[in-house]
Amino acid sequence: MLTAILLGFLFAFFLVFAGRFFKGKLAVVSALIPLSLFIYFASFIPRIASGEVVSKTYEWVPSFGVNLGFSLDGLSLLFSLMITGIGFLVYVYTSSYLKNHQYLDRFYAYLSVFMGAMLGLVLSDNIISMFVFWELTSISSFFLIGFNNTSEASRKSALTALGITGFGGFSLLAGALLLGSMTGTYSITEMMTMKEALAGHEFYILAVIFIFGAAFTKSAQFPFHFWLPGAMKAPTPVSTYLHSATMVKAGVYLLMRFTPVLGDTNFWNTTLIVVGGITMLYSAVHTLFRTDLKGVLAYSTISALGILVFLIGLGSQGAFLAAAVFIIVHALYKATLFLVTGIIDLQAGTRNVTVLAGLRKVMMPVAAAGFLAAISSAGIPPSVGFLGKELTYEASTHSTGMVILIVAAIVLTKILLLYAGFVAGIKPFTGRLPEKFTEAKMPDPLMWVPPLLLAILGIVFGIFPALIESYLVKPVVTALGKDASDIHLALWHGFNTVLVLSIITIVVGILLYFILKPSEKLENRIGKLEPVSPESILKKLTYFFGAFSKFWTNVFQNGYLRNYVTTIILFLVILVGYIFIGNSRLVIDHTKLSQITAYELAVTIILIAGVFYTVFTRSRIGAVAAMGVVGLAICLLFVFYSAPDLAMTQFSIDTLTVILFVLVLYRLPKYLVLSDYKMRIRDGILSLTFGGLISLIALQVLAEPVNSDVGDFYAKNAYIMAHGKNVVNVILVDFRGTDTLIEISVLAIAAIGVYGLLKLRVKSSDRPN
Amino acid sequence: MKTLILKTASNYLLPVLLVFSVFILLRGHYLPGGGFVGGLIAAIAFVLHAFANGLAKAKDLLKIHPGFLMPIGLALAFLSGVAPVIGLDDPFMTGLWFPDPFPVIGNVGSALFFDIGVYLVVVGVTLTIIFTISESA
């Protein structure tokens with residue numbers, strides 16, 4: 001399973017070297033990666049359908065209980081199949097859509113990283129590794145939205161999306177750590193056994209808020225929804241794959257995954273119903289005012305995500321069933337509509353729905369795909385969309401409390417979504433073909449077969465619901481912690497309230513489609529509300545944040561080394577001094593002090609003389625040399641008190657410091673008055689205070705009772721466990737070797753920094769004005 | 001800074017100091033020393049040579065830019081930590097040891113390779129910083 005997840009990353013890495021072979025005709029070959037993964041995951045269907053959960057754990061840092069745990073149940077199987085299945089079609093489609101694009105290899109690399117990350121996300125059982133994959137999906141989405149990196153709007157949208165979803169990732173990490181400390185485990189499976197204890201925990205609300213923060217940002221729920229329409233700047237295959245079928249559903253996935261852990265409380269259900277309800281209505285209404293096909297689809301996607309959140313909030317077995325079916329329905333028809341839109345955009349040169357018409361005459365198969373998808377989106381039988389809509393209505397009519405309001409909201413949303421589906425799937429193909437589109441050509445089969453395949457699947461699953469019932473839908477409901485044995489999917493449910501609601505939806509929706517034509521006038525009207533939209537408010541906040549950061553940075557990062565040093569030391573003196581004055585118990589035990597020997601006295605006198613010379617000399621080189629003397633005198637003191645390792649290191653460091661200083665000072669002008677009398681007094685006072693404070697702390701440390709457990713442990717075990725007699729070195733390279741590894745990495749980074757600062761300066765002639 | 005005495009002495013001192021630095025590196029596990037100090041001493045040896053014979057000579061002597069020692073050292077240290085994970089399914093940084101001590105060197109284990117990595121990084125970092133500053137100052 002680990003190989004399956006890493007395959008995407010490995011392929012992306014492989015493309016770095018072999019990318020140029022995949023740019024031309026071979027591009028379509030890369031679709032074999034998602035196809036093989038799809039087959040791999042499909043082979044699990046019988047096992048999962050029989051109620052099994054396939055899990056695999058790789059030990060990572062067992063001493064801290066951090067493991068790489070993956071588990072495949074009904075929920076993750078559905079998502080894995082969607083990720084790889086739609087992924088396969090998108091890979092095929094892209095090979096023609098971005099044919100001969102300069103950066104096609106790069107595009108496939110990003111797409112593969114995304115696929116790997118998304119698979120990792122839905123398969124992770126460990127919440128920390130889930131967070132890592134979660135962030136990776138945000139990052140790959142950032143690169144894909146900004147793929148047209150020469151367009152400023154693309155770059156801005158990518159940044160907005162990264163900002164919003166990054167905030168959500170932060171929230172997920174906070175939630176993960178909080179849940180980890182509440183339950184003592186990071187495994188989601190183990191958390192499920194502690195559901196009761198969690199619901200009564202004092203931090204329950206906070207943990208839920210963190211999880212919601214992550215889910216709502218990722219799944220574009222109100223008021224975080226606005227990054228998604230912006231993300232439509234990405235090439236259409238990306239919109240299809242990330243921003244409709246898979247990534248945006250990660251938030252929904254998160255909520256479903258945590259339903260058996262945190263769900264079934266009043267707070268959980270009510271919040272989800274309210275947020276999901278507002279989102280689905282708000283963005284469904286927005287679709288009426290859009291003229292860009294992708295804009296219509298973006299808002300209807302947000303609305304669909306709202307419906308899913310809403311259904312999870314209802315929390316009944318029927319609602320989960322409806323959610324599971326609706327995920328499949330939505331993935332099938334929305335991906336189709338996006339792919340169709342991409343074809344229209346490429347062949348007709350516009351996505352403006354007010355001018356598009358009659359395209360069926362030039363691209364019949366595409367029109368068929370669009371038509372079938374629109375039917376499924378509208379929930380007209382015999383499509384699988386009808387099934388999804390029936391189940392949704394069924395769940396809403398059986399909800400507890402405020403049934404009328406809930407049913408009204410969902411019916412209204414569905415009516416508006418029917419309109420959106422018709423606008424995107426039917427409007428461009430019907431009517432008379434305008435003069436300017438007669439040039440439009442039939443696209444490559446690589447482009448029209450994928451959407452048609454998806455659209456036909458939407459009808460096949462509708463006529464034969466048994467195909468998805470026991471293999472895909474039931475395991476999801478089981479994974480959400482409900483009994484799924486009595487579920488039976490069928491198109492015909494008898495004549496009841498739900499059917500009446502369905503008929504109302506379809507009739508009103510179709511009427512709306514014929515009465516209301518999308519127009520720019522309408523779009524402009526809603527544009528007037530822009531200043532109070534969440535997007536504008538957030539933009540203003542960001543602006544103030546930026547301005548404040550600039551001011552703050554200018555105050556502290558003023559470019560004068562002496563000011564930095566002064567600030568740091570002053571801060572330390574105030575902070576440490578404040579703590580120290582409150583808690584000090586300075587007792588110097590004279591009896592424990594050893595006799596002062598003559599050579600110690602001599603070294604100390606040399607040391608003090610060195611300090612005075614450094615401070616009062618007028619020669620820079622002299623000051624540096626005198627500092628060297630001070631350092632070497634300290635080395636000698638280390639030797640006297642049996643710390644040879646320290647002495648050796650200090651000795652080498654001091655030598656090098658003096659050399660470095662000399663190298664720099666050698667080049668400076670001979671003499672300059674750098675400070676006046678007042679500044680010297682000020683610096684003197686600061687240095688004396690700081691030095692005095694450090695001395696006091698050193699004395700205080702002596703007065704503290706010594707805890708020798710740690711030292712004893714190392715001394716005792718250095719030879720037994722690490723085969724070494726020099727305890728200092730054994731700690732450095734063995735017991736705390738990871739620290740050392742990170743420290744040498746920091747050293748290397750510092751050296752690269754110095755090199756970069758001094759060597760890689762932009763020549764003044766190359767500098768942009 | 002060209003003095004005949006320093007120049008002549010540095011020619012003899014360089015190999016001696018380098019051998020000494022390796023000696024310090026190897027004895028680290030049992031007696032005062034180790035990769036960090038060893039690396040500093042090796043760096044000092046080259047700096048001394050650069051002082052006496054000029055930077056260009058010292059660079060010629062090194063053949064490659066000292067900066068390349070950093071990734072090599074980091075990789076070696078990292079690999080010595082990863083080796084038990086790949087080889088034996090043990091956690092990261094588990095110490096691996098040859099059962100019998102080698103002549104002259106003594107016991108050899110993953111910690112020694114880690115220390116050699118530290119040594120190389122320290123040499124690389126120190127020389128990169130000092131060479132860069134002295135070239136551009």
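Q: What covers the buried residues of H10(A)?
A: In this predicted model, the cover over the buried residues of H10(A) includes three helices of chain A: H7 (152-183), H13 (249-262) and H14 (266-287).

Q: Which residues of H10(A) are buried?
A: A residue counts as buried if 20 or more other C-beta atoms lie within 10 Å of its own. By that test the buried residues of H10(A) are A:Ala207, A:Val208, A:Phe210, A:Ile211, A:Phe212, A:Ala214, A:Ala215, A:Phe216, A:Thr217 and A:Lys218.

Q: How many residues does helix H10 of chain A have, and what is its reach from first C-alpha to last?
A: The expected span rests on 1.5 Å a residue. Helix H10 of chain A, residues 204-218, has 15 residues and reaches 21 Å, close to the 21 Å expected. Just after H10(A) comes A:Ala220, with a positive phi of about 55°.

Q: How does helix H27 of chain A fare on the span expected at 1.5 Å a residue?
A: H27 of chain A covers residues 620-640, and its 21 residues should span 30 Å. The end C-alpha atoms lie 31 Å apart, which agrees.

Q: Which residues of H27(A) are buried?
A: They are A:Ala626, A:Ala633 and A:Cys635. These residues lie on the same side of H27(A), because they cover an arc of only 160° around the axis. Their cover includes helix H26 (598-616) and helix H28 (644-667) of chain A.

Q: What is the phi of A:Ser642, which follows H27(A)?
A: The phi of A:Ser642 is positive, near 45°.

Q: Is A:Thr137 buried or exposed?
A: The count of C-beta atoms within 10 Å decides this, with 20 or more needed for a buried residue. A:Thr137 has 25 others within that distance, so it is buried. Its place is in helix H6 of chain A, residues 127-145.

Q: Which residues is A:Thr137 in contact with, leaving aside its neighbours within four places in sequence?
A: Its partners are A:Phe114, A:Ala117, A:Met118, A:Leu121, A:Met247 and A:Ala250. For one of these, A:Phe114, the separation along the chain is 23 residues, while its C-alpha atom is 5.4 Å from that of A:Thr137.

Q: How many C-beta neighbours does A:Ala408 have inside 10 Å?
A: A:Ala408 has 13, so it counts as partly exposed. A:Ala408 belongs to helix H19 of chain A, residues 403-425. Its C-alpha atom is 71 Å from that of A:Glu704, and the two residues are 296 apart along the chain.

Q: How many helices and strands are there in chain A?
A: Chain A has 32 helices and 2 strands. Its C-alpha trace spans about 105 × 65 × 50 Å along the principal axes. Of its 769 residues, 44% count as buried. Of the contacts in chain A with a separation of 6 or more, 78% join residues 24 or more positions apart.

Q: Which domains is chain A divided into?
A: The division gives domain 1 (266-518), domain 2 (561-587 + 673-706), domain 3 (596-668) and domain 4 (709-769). Domain 2 is thus written as two segments, 561-587 and 673-706. Between the C-alpha centres of domain 1 and domain 4 of chain A the distance is 56 Å.

Q: How many residues does each chain bring to the contact of chain A with chain B?
A: Chain A gives 40 residues and chain B gives 42 residues. On the side of chain A that touches chain B, the elements giving two or more residues are H28, helix H31 (727-735) and helix H32 (737-759) of chain A. The largest share, 14 residues, comes from H32(A). By class, this side of chain A has 23 nonpolar, 12 polar and 5 charged residues.

Q: In what order do the elements of chain B run?
A: From the N terminus on, they run α-α-α-α-α. Chain B has 5 helices and 0 strands. Its C-alpha atoms fill a box of roughly 55 × 30 × 20 Å, taken along the principal axes. Of the 137 residues of chain B, 42% count as buried.

Q: Which residues of chain B does UniProt list for "transmembrane region"?
A: The unreviewed UniProt entry lists residues 12-30, 36-56, 68-88 and 108-133 of chain B. In the model, residues 12-30 of chain B are 84% helix and 0% strand, with end C-alpha atoms 29 Å apart. Residues 36-56 of chain B are 95% helix and 0% strand, and their end C-alpha atoms lie 26 Å apart.

Note on methods:
Residues are numbered from 1 along each chain as its sequence is written. Chains are lettered from A and ligands numbered from 1 in the order in which they are written. This is a predicted model: local features need pLDDT of at least 70, side-chain atom pairs count only at pLDDT 80 or more; totals for chains, interfaces and linings use all residues. Helices (H or I, at least four residues) and strands (E, at least two) are DSSP runs, numbered from the N terminus. The expected span of a helix is 1.5 Å times one less than its number of residues. A residue is buried if 20 or more other C-beta atoms lie within 10 Å of its own, exposed if 12 or fewer, and partly exposed in between; C-beta atoms are placed from the backbone. The arc is that of the directions from the helix axis to the C-beta atoms. Two residues are in contact if their C-beta atoms, placed from the backbone, lie within 7 Å. Ala, Val, Leu, Ile, Met, Phe, Trp, Tyr, Cys and Pro count as nonpolar, Asp, Glu, Lys and Arg as charged, and the others, Gly among them, as polar. Domain bounds come from an automatic or database domain assignment. UniProt positions are given in the numbering used here, feature names are shortened, and annotations may be inferred rather than shown by experiment.
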